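Got the viewer open and a hand on the mouse? Load the model, and we'll walk through it stop by stop.

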Amino acid sequence: MSKVYTTEELIQILAAERQACLKGERLKLEVTVSGNPLIDQFIRTDGLQKFTAYQDFKAAIHDYQRENRVSGIVWHEVNVKGKTVRYPKIDSELIALSPDLEILQSAKNSILEFWYEVTLEMDLYLSFNNSKQYQQINQLDVERIAQRTEWASLWKWENSNFLEIILQLGWGQPEEAYYKRGRPHSGSEYIHAVNPGNRPIG
């Protein structure tokens with residue numbers, strides 16, 4: 001029986017392959033920009049060839065995950081105001097299997113409890129238009145969004161005079177929700193908490 005790679009090993013394999021593609025060591029040479037040979041001879045296609053080579057490799061890794069039932073979950077820890085939460089998240093380069101989605105869903109409430117606790121008295125903003133615009137909201141709005149979503153994730157931006165905590169509330173496949181390509185079946189909303197008077201930057 002052949003060895004099955006772990007989640008961590010697949011992440012390392014993908015990182016190495018991404019670097020090889022970026023350096024031009026892997027190209028998908030048959031990729032063209034327009035499909036018209038007359039036009040394509042004047043357009044540099046190496047960037048597209050590198051990107052496509054990596055996307056093809058990543059798709060093969062996702063097939064491997066499905067065939068060998070290798071989880072896409074990695075565990076993260078966020079510490080804010082002396083409080084810590086440890087939660088599951090799908091690695092941005094991997095996919096979520098059905099059991100992974102169940103784990104994410106079961107962690108949603110503890111993430112939300114942590115979020116509510118550490119963002120008390122902070123200003124809340126809902127981002128839209130790919131985080132180019134923000135609308136101020138309140139905790140009741142967050143609760144309404146949370147009821148319609150399946151899983152949650154967190155990020156934190158912090159320095160000596162600024163704190164922003166981002167809550168992602170999502171549904172469907174996380175890898176599709178992150179890149180906004182799965183709507184309406186997969187997607188997410190991002191809520192930014194900042195200290196009063198500040199605006200989100202994340």
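What follows is a tour from the whole chain down to single residues.

**Before you click**

This is a predicted model, so keep in mind how it was read: local features need pLDDT of at least 70, side-chain atom pairs count only at pLDDT 80 or more, and totals for chains, interfaces and linings use all residues. Residues are numbered from 1 along each chain as its sequence is written, and side-chain values use heavy atoms, with hydrogens and water left out.

**Stop 1: the whole chain**

Switch to cartoon view. You should find six helices and seven strands in the protein chain. Here helices (H or I, at least four residues) and strands (E, at least two) are DSSP runs, numbered from the N terminus. Starting at the N terminus, the order reads α-α-α-β-β-α-β-β-α-β-β-α-β.

Now colour by burial. Of the 202 residues, 44% count as buried; buried means under 20% relative accessible area, exposed over 50%, and partly exposed in between (1.4 Å probe, protein chains only). Contacts are worth a look too, where contact means heavy atoms within 4.5 Å. Among contacts in the protein chain with a separation of 6 or more, 57% come from residues 24 or more positions apart.

**Stop 2: the largest core**

Select W115, V142, L154, I165, L167, L169 and I191. These have the most contacts inside the largest nonpolar core, which has 26 residues. A nonpolar core is a set of buried Ala, Val, Leu, Ile, Met, Phe, Trp, Tyr and Cys residues joined through side-chain atoms within 4.5 Å. Elements that give two or more residues to this core include β1 (73–80), α4 (98–118), α5 (139–147) and β6 (162–171). Which element gives the most to this core? That would be α4, with seven residues.

Zoom in on L167. Skipping neighbours within four places in sequence, L167 has contacts that include I111, L112, W115, V142 and I191. Then look for a second, separate core: its 10 residues include L104, W151, Y178 and Y190.

**Stop 3: a fully covered glycine**

Click on G170, in strand β6. Is G170 buried or exposed? G170 counts as buried, because its relative accessibility is 0%. Leaving out neighbours within four places in sequence, G170 is in contact with T149, E150, W151, G187 and S188. Try a distance label as well: the C-alpha atoms of G170 and R148 are separated by 8.7 Å, with the two residues 22 apart along the chain.

**Stop 4: β3 and its partners**

Show β3 (123–128). Five of its six residues are buried, so β3 is mostly covered. β3 runs antiparallel to strand β4 (residues 133–137), with five bridges joining them; two strands pair if DSSP finds at least two bridges between them. Check two of the matches: L126 has Q135 as its bridge partner in β4, and F128 has Q133. β3 also pairs with β7 in the antiparallel sense, over four bridges, and there the partner of L124 is A193.

Next, find the turn in the hairpin of β3 and β4. Four residues sit between the strands, and N129 takes a positive phi near 55°.

**Stop 5: two more positive phi values**

R69 is in the loop between α3 (46–68) and β1, and its phi is near 55°, a positive value in a residue other than glycine. R69 is exposed, with a relative accessible area of 56%. Move along to E121, in the loop between α4 and β3. Its phi is also positive, near 70°, and E121 is exposed at 72% relative accessible area.

**Stop 6: the largest pocket**

Finish by selecting K89, I90, S92, W155 and Y178. Of the 10 residues that line the largest pocket, these are the closest to its centre. How much space lies in the largest pocket? About 170 Å³. β1 and β2 each supply at least two residues of the lining. By class, the lining has six nonpolar, two polar and two charged residues. Here is how those pocket words are used. On a 1 Å grid over the protein atoms alone, a pocket is an open set of points where a 1.4 Å probe fits, with protein on both sides within 12 Å along at least five of seven lines, and lining residues have an atom within 4 Å of a point. Grid points are joined across faces, edges and corners, and the volume is the space filled by probe spheres set on the points. Ala, Val, Leu, Ile, Met, Phe, Trp, Tyr, Cys and Pro count as nonpolar, Asp, Glu, Lys and Arg as charged, and the others, Gly among them, as polar.
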